[in-house]
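Take the sequence and the model together. The text below walks from the sheet outward to the helices and loops.

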Amino acid sequence: MTVPSTTLENDVTTGATVWLTGLPSAGKTTIAYELAGRLREEGHLVEVLDGDEIREFISAGLGFSREDRHTNVQRIGFLAELLARNGVKALVPVIAPYADSREAVRKRHHENGTTYLEVHVATPVEVCSVRDVKGLYAKQAAGELSGLTGVDDPYEAPGAPDLRIESQNQTVQESAASVHALLSERGLA
């Protein structure tokens with residue numbers, strides 16, 4: 001029996017983690033779900049590891065200290081790598097504000113031979129605060145919330161992401177198409 005060879009070109013069975021990092025209300029999750037739909041239509045196995053859902057179900061009890069945020073990112077990174085190693089495109093729209101936390105996730109992927117792509121959804125804080133999808137910026141401005149990433153808690157933007165998206169200058173579909181193009185360039189879509 002001959003086993004057919006596979007190539008990476010447009011391989012729907014090759015997993016990867018696509019980490020979409022950016023400020024709250026930057027558009028990370030919206031882009032991830034748009035991309036997920038397109039990839040599923042092409043036959044890819046896809047999971048979106050939404051940061052809010054992870055906080056509720058896997059990282060419940062963690063706060064927003066630097067240590068807790070690092071732990072949360074490492075848990076998500078572990079899940080993403082596990083999925084990607086098993087042929088799933090893991091789309092991860094998570095703030096992950098600290099460069100060292102994202103680097104630890106990248107290192108885990110590298111050590112396991114799993115593809116990791118970092119996408120910086122580089123929407124300016126002024127645009128994010130107008131979008132204010134969850135009302136966080138309004139709560140922070142009213143003094144009801146502190147530690148908001150990019151306002152009174154640091155956000156360390158990626159220095160050399162695989163892709164940088166300025167979502168305020170394009171549609172969700174165009175942003176998702178940019179990520180899809182990156183996956184295609186890497187032989188993953």
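How many of the 6 residues of strand 1 are buried? This is a predicted model, and in it 6 of the 6 are buried. Strand 1 is therefore largely enclosed by the rest of the structure. Both of its faces take part. Ala16, Val18 and Leu20 point one way from the strand. Thr17, Trp19 and Thr21 point the other way. All of these residues are buried.

Now place strand 1 in its sheet. Strands of a sheet pair through backbone hydrogen bonds, either parallel or antiparallel. Here 5 strands form an open sheet, and the pairing is parallel. Their order is 2-3-1-4-5. Strand 2 (46-48) and strand 5 stand at the edges. Each has a single partner strand, so one side of each is left without a neighbour in the sheet. On average, neighbouring strands of this sheet are turned by 20 degrees against each other, direction ignored.

Strand 1 has strand 3 on one side and strand 4 on the other in that order. It runs parallel to strand 3, and 5 bridges join the two. Ala16 has Lys89 of strand 3 as its bridge partner. Strand 1 and strand 4 also pair in the parallel sense, over 5 bridges. Thr17 stands opposite Tyr116 in strand 4. Further along, Trp19 has Glu118 of strand 4 as its bridge partner.

Helices pack on this sheet. Helix 1 touches strand 1, strand 2, strand 3 (89-93), strand 4 and strand 5. Its direction makes about 165 degrees with that of strand 3. Helix 7 touches strand 1, strand 4 and strand 5. The direction of helix 7 makes about 175 degrees with that of strand 5.

Look at helix 7 in more detail. Which of its residues are buried? They are Ser175, Ala176, Val179, His180, Leu182 and Leu183. These residues cover an arc of only 155 degrees around the axis, which puts them on the same side of helix 7. The spacing in sequence fits a general rule. An α-helix has 3.6 residues a turn, so residues three or four places apart point the same way. What covers the buried residues of helix 7 includes strand 1 (16-21), helix 1 (28-41), strand 4 (116-121) and strand 5 (163-165).

The length of helix 7 can be checked too. It has 14 residues, 172-185. At 1.5 Å a residue, these should span 20 Å. The end C-alpha atoms are 20 Å apart, which agrees. After the helix comes Gly187, with a positive phi near 75 degrees.

Finally, turn to the loops. Most residues other than glycine have a negative phi, and most peptide bonds are trans. Which way does the phi of Ser25 go, positive or negative? It is positive, near 70 degrees, in a residue other than glycine. Ser25 lies in the loop between strand 1 and helix 1. Its relative accessibility is 14%, so Ser25 counts as buried.

Asp132 is another case. It is not a glycine, yet its phi is positive, about 35 degrees. Asp132 is in the loop between helix 5 (125-131) and helix 6 (136-141). With a relative accessible area of 15%, Asp132 is buried.

How values were computed: Residues are numbered from 1 along each chain as its sequence is written. This is a predicted model: local features need pLDDT of at least 70, side-chain atom pairs count only at pLDDT 80 or more; totals for chains, interfaces and linings use all residues. Side-chain values use heavy atoms; hydrogens and water are left out. Helices (H or I, at least four residues) and strands (E, at least two) are DSSP runs, numbered from the N terminus. The expected span of a helix is 1.5 Å times one less than its number of residues. Buried means under 20% relative accessible area, exposed over 50%, partly exposed in between (1.4 Å probe, protein chains only). The arc is that of the directions from the helix axis to the C-beta atoms. Contact means heavy atoms within 4.5 Å. Two strands pair if DSSP finds at least two bridges between them. Axes are lines fitted to C-alpha atoms, for helices over the stretch in contact, and angles run from 0 to 180 degrees between N-to-C directions.
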